[in-house]
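Dear colleague,

I am handing over a structure that you have not seen before, and I would be grateful if you could look it over alongside my notes. What I found in it follows below.

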Amino acid sequence: MKKSDLSEFEVEEENFKLKIKRDTGKEAPPQIISSAPPPAAAPSVPAAQPVSTAAESGEAEADNATYITSPMVGTYYSSPSPESDAYVKSGDTVSNDTIVCIIEAMKIMNEIQAEQSGAIAETLVENGQPVEYGQKLFRLA
Amino acid sequence: MQKVLIANRGEIALRIVRACRELGIKTLAVYSEADLESLHVQLADEAICIGGPQSADSYLRADRIISAAEIADVDAIHPGYGFLAENADFAEQCASCNIKFIGPSAESIRMMGDKAIAKETVKKVGVPVCGGSDGTVETEEEAVQIATKVGYPVMIKAVAGGGGKGLRIAHNDISLRKEFILARSEAEKAFGNGEVLIEKYIENPRHIEFQVLADRHGNVVHLGERDCSIQRRHQKLIEEAPSPFVNDDLRKRMGEAAVAATKAADYEGAGTIEFLVDPKGNFYFLEMNTRIQVEHPVTEEVTGIDLIKQQIQIARGEPLAFKQEEVQYNYHAIECRINAEDPARNFAPSPGCIDLYYAPGGHGVRVDSHAYGGYIIPPYYDSMIGKLITYGRSREVAIERMYRALSEYLIRGIHTTIPLQKAIISDARFQAGEATTAFMEEFMKNPPKMD
């Protein structure tokens, strides 16, 4: 770059921006500024679609709330069987060993305990929805 | 095969995403909470979080991975390297859940995963093996008898070890008795299997490995060798293909041995047969790696064959599209592993934020890395942040190009092994093609000033 008259040089591609500026006043080496925006913003590349959307809606809130999150990967069921009532609903109080839902993983129905105490403010997932590790299942009041 | 779950992270996960993209296959990335911002997670078609930052709570959780495979309805799982890639139980679980494990069968993994069994298996088909015990050694007395027969020095090896772990050297009867007991208890603790075997220790060998491909129709080919003699504590730093030590005749003989070993393992997929080669050109089977390897790109650049695509195509049941005679070695390629470590401080890990990142490019340069400007390297996993590969018509061109590319590579905010790699590439003995596995220890005694 020193040999050319270029004092500024910019390249922009879909994921990547590179701007080189030569400070013509001094003999300093070129300033290379590479700002790679998080690749999820790239237009031609489909952004990652996590199976859960609950994670995104959770972040939208001012997060002082406590949540019951999924300890495993699987399918969420709100009740012990299709005919029964849901384990919990809004307003119910739970304690550590209250069973709040079932998550089915590899054909095994796992009863999920609250592992904390509080009152259910909102159920964040739907019956039969696939959930990932850490996904928010219930918001506690 | 419509959708593949990538049971890995970092640069290899990105590599697999790319191959799947080119084959029109959808990708599902499973990731730990520490890898939410990882490049391959962002680029994959779907992503499912499978656990906390610790590998034991995420990438090693076979149950969660298979669960994710089921809820996302994948057809196959690519295990990459490390983690569950050579876990026979995992391969078996995939099979019983009707998910294709992109790799060999659980039986092949078990067979070649046990060093004693692997050695016996390949010996039967005429592959040269190191002199030593016939299988495992149970007592000190037996150990001493074997060592007396093959001659000192000898190596005590854990059968369940690998990647340089579980190895001890003894130079005489007294040290053998001591090391034998220590090796067994170490192996029990580290691998849950205290069995060891004894081998003649070859001094200053070259580590030369052969890439093999085996389809489901009985076709097995080798794609030439990689010389991986530049190792520090059994961790490879630089790999190259072809080996400066191997001539056409040796390549032919070693290649045939590699193919024979692969057939004996009843293998499917991509694999690597590792050999030790002594200064006289005698070669001995070391082990078989039943997975794709970190250094696969050098073989890709030399032969022009996309190994990850080959793995997927083989898994789909396709026969190999080429015969042994059609494999060509068109270039010389070198790879430097770029680790987030500080070579000036005994390779202390250097996780943290890469605030400035500019990768080299140009003719004959390939970068396989998941790093980007602003990426925060998590501290929970291995320190490799990328691989820099250069290739050219001759070894000299590949070396010059590597020096140029390493000099161009800008990674600010963390320490990397780039200065060390530049120094090794510039070393006269390396350039003369004289490096054996003893090179790094010698080199580090008087390391040159690293810029």
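A residue is called buried if 20 or more other C-beta atoms lie within 10 Å of its own, exposed if 12 or fewer do, and partly exposed in between. Please keep in mind that this is a predicted model.

With that cut-off in hand, Ala423(B) has 18 other C-beta atoms within 10 Å, and it is therefore partly exposed. Ala423(B) belongs to helix α13 of chain B, which covers residues 418-426, and, leaving aside residues up to four places away in sequence, it touches Pro447(B), Pro448(B) and Met450(B). Between the C-alpha atoms of Ala423(B) and Asp249(B), which are 174 residues apart along the chain, the separation is 32 Å.

Helix α3 of chain B, residues 62-71, is mostly covered, since eight of its ten residues are buried. Those buried in α3(B) are Arg64(B), Ile65(B), Ile66(B), Ser67(B), Ala68(B), Ala69(B), Glu70(B) and Ile71(B). After α3(B) comes Asp73(B), which has a positive phi, near 60°.

Turning to the strands, β11 of chain B (residues 235-241) is also mostly covered, with six of its seven residues buried. Strand β10 of chain B, residues 220-232, runs antiparallel to β11(B) and is joined to it by four bridges, with Ile230(B) standing opposite Ile238(B). These two strands, β10(B) and β11(B), make a hairpin with two residues between them, and Arg233(B) in the turn has a positive phi of about 50°. Strand β11(B) is likewise joined by four bridges to β14 of chain B (residues 332-339), again in an antiparallel arrangement, and here Glu240(B) stands opposite Ile334(B) in β14(B).

There is also an open sheet of three strands in chain B, in the order β7-β6-β8, with antiparallel pairing. Strands β7 (165-170) and β8 (196-200) of chain B stand at the edges, and because each has a single partner strand, one side of each is left without a neighbour in the sheet. On average, and with direction ignored, neighbouring strands of this sheet are turned by 25° against each other. Strand β6 of chain B, residues 154-162, is joined to β8(B) by five bridges, and Met155(B) stands opposite Glu199(B) in β8(B).

With best wishes

Key
Residues are numbered from 1 along each chain as its sequence is written. Chains are lettered from A and ligands numbered from 1 in the order in which they are written. This is a predicted model: local features need pLDDT of at least 70, side-chain atom pairs count only at pLDDT 80 or more; totals for chains, interfaces and linings use all residues. Two strands pair if DSSP finds at least two bridges between them. Axes are lines fitted to C-alpha atoms, for helices over the stretch in contact, and angles run from 0 to 180 degrees between N-to-C directions. Two residues are in contact if their C-beta atoms, placed from the backbone, lie within 7 Å.
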